[in-house]
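Hello,

Here is the structure I promised to pass on. My notes follow below it.

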Amino acid sequence: MYSARPLMKDHDPTDSTDTESLLTVEQSQEKLLHSVPSNTSKRNKVLKTYLHIAAIVFYSVITVILYTWSTRINEKQCGCDNAAIYSPARTAIEYEKQTIVHNLADNGKYRGPPRPEQDAAWEDLLRYNNLRIQKEDLEKANTTSVPLNDDQGGYLATLDVFHTLHCVNKIRKSYYSDYYHDPNPLVDQQEHFDHCIDLLRQVIMCHGDISLHTYEWKDDYRWPWPSMRTEHQCRNWDKLMVWSKEHYLPSLTGPILSHPSLGISFRGDEPHS
């Protein structure tokens, strides 16, 4: 007969304990192996989040710096872009470089003795001087004007360049007073001339043209001779005229302009300056 002891040895409790111990170690190692990637993944996610935040902050700072830099450059380039006054004609402004020629012997259409083609040239410059503008334009410019009494409404205005040109033309005509007969009293004429001369002074000083005016030597002249050609930054005149034509009032005669107590302003039968 077989002894019962070997059979009991096959089921030794110590063997069961060792197996459980081995399983516990293997499970612990497996858990450790699984936990390492999990922790690494969390760290990678946190790192990516910080990198994204840093990138957003970096690009935001760069954007602000570039915007500030470009704004300062634009301000230095031309202060006219930040105009202190409003005008509805600003939409027509376009700058260009022009060479202004002012030779003493120039016989341009605006110079010289009076003649029909010269008068036509000056009248063409002032053709669209009377303009119709709207109430919102006056409000933006913080000013007022007289209303227009017709179906289209609006208010009477002009661009100051037309007023200035009017003064230049007035002085030109006064120089040839034998040809141009001003019906107004001489005292009124002189007052008008003084007004125009001082207006020109103020306008010239206001614009303060900084174009360089250079000099040269002449063989038969001991003093520096001023150059008769200078380059300037000018506003395109044709574009201003197109805008003015679109807002032009063909006639102010009749009830379109009436003083509140004195009646119609321009009846067509009386001189005015």
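Which residues have the most contacts inside the largest nonpolar core? They are Leu159, Phe162 and Trp243, in a core of 13 residues. Keep in mind that this is a predicted model.

**Cores**

Three elements give two or more residues to this core: α3 (116-125), α5 (160-175) and α7 (237-246). Helix α7 gives the most, with three residues. There is also a second, separate core of six residues. Leu249, Leu252, Ile256 and Leu257 are among them. As a general point, nonpolar side chains tend to be buried together in soluble globular proteins.

Back to leucine 159. Leave aside its neighbours within four places in sequence, and leucine 159 is in contact with Ser87, Ala89, Leu131, Leu240, Trp243 and Ser244. Trp243 therefore appears twice in these notes: as a contact of leucine 159 and among the residues with the most contacts inside the core.

**Strands**

Strand β1 (residues 95-101) and β6 run antiparallel, and seven bridges join them. Threonine 99 in the chain stands opposite glutamate 231 in β6.

Strand β6 covers residues 229-235, and its side chains alternate. Thr230, His232 and Cys234 point to one face and are buried. Arg229, Glu231, Gln233 and Arg235 point to the other face and are not buried. That follows the general rule: in a regular strand, side chains alternate between the two faces of the sheet.

**Salt bridges**

The structure holds eight salt bridges. Three of interest follow.

- Lysine 170 and aspartate 182 form one, with the closest N and O atoms 2.9 Å apart. Lysine 170 lies in helix α5 and aspartate 182 in the loop between α5 and α6 (186-207), so the pair ties together parts that are 12 residues apart in sequence. Lysine 170 is buried, at 13% relative accessible area. Aspartate 182 is partly exposed, at 25%.
- Aspartate 198 and arginine 201 meet at 2.8 Å, N to O. They sit three residues apart in helix α6, so about one helical turn separates them. Both ends are partly exposed: aspartate 198 at 33%, arginine 201 at 40%.
- Aspartate 124 pairs with arginine 127, and here the closest N and O atoms are 2.2 Å apart. Aspartate 124 is partly exposed at 34% relative accessibility. Arginine 127 is partly exposed too, with 41%.

**Surface**

What makes up the nonpolar surface patch of about 1,200 Å²? The residues are Val46, Tyr50, Ile53, Val57, Phe58, Tyr59, Val61, Ile62, Ile65, Leu66 and Trp69. Take valine 57 as one of them. Valine 57 is found in helix α2 (residues 13-77). Its relative accessible area is 47%, so valine 57 counts as partly exposed.

**Backbone**

One residue to look at is asparagine 142. Its phi is near 55°, a positive value in a residue other than glycine. Most residues other than glycine have a negative phi. Where is asparagine 142 found? It is in the loop between α4 (135-141) and β3 (155-157). Is asparagine 142 buried or exposed? At 71% relative accessibility, asparagine 142 is exposed.

Best wishes

Notes: Residues numbered from 1 in each chain as written. Predicted model: local features only at pLDDT ≥ 70, side-chain atom pairs only at ≥ 80, totals over all residues. Heavy atoms only, no water. Buried < 20%, exposed > 50% of the residue type's maximum accessible area, 1.4 Å probe, protein only. Helix = DSSP H or I, 4+ residues; strand = E, 2+ residues; numbered from the N terminus. Pairing = 2+ DSSP bridges. Patch = residues over 30% accessible without salt bridge, like charges linked within 9 Å, V, L, I, M, F, W, Y side chains within 5 Å. Areas by Shrake-Rupley, 256 points an atom, 1.4 Å probe, with all protein chains shown as cover. Salt bridge = Lys/Arg side-chain N within 4 Å of Asp/Glu carboxyl O. Core = buried A, V, L, I, M, F, W, Y, C linked by side-chain atoms within 4.5 Å. Contact = heavy atoms within 4.5 Å.
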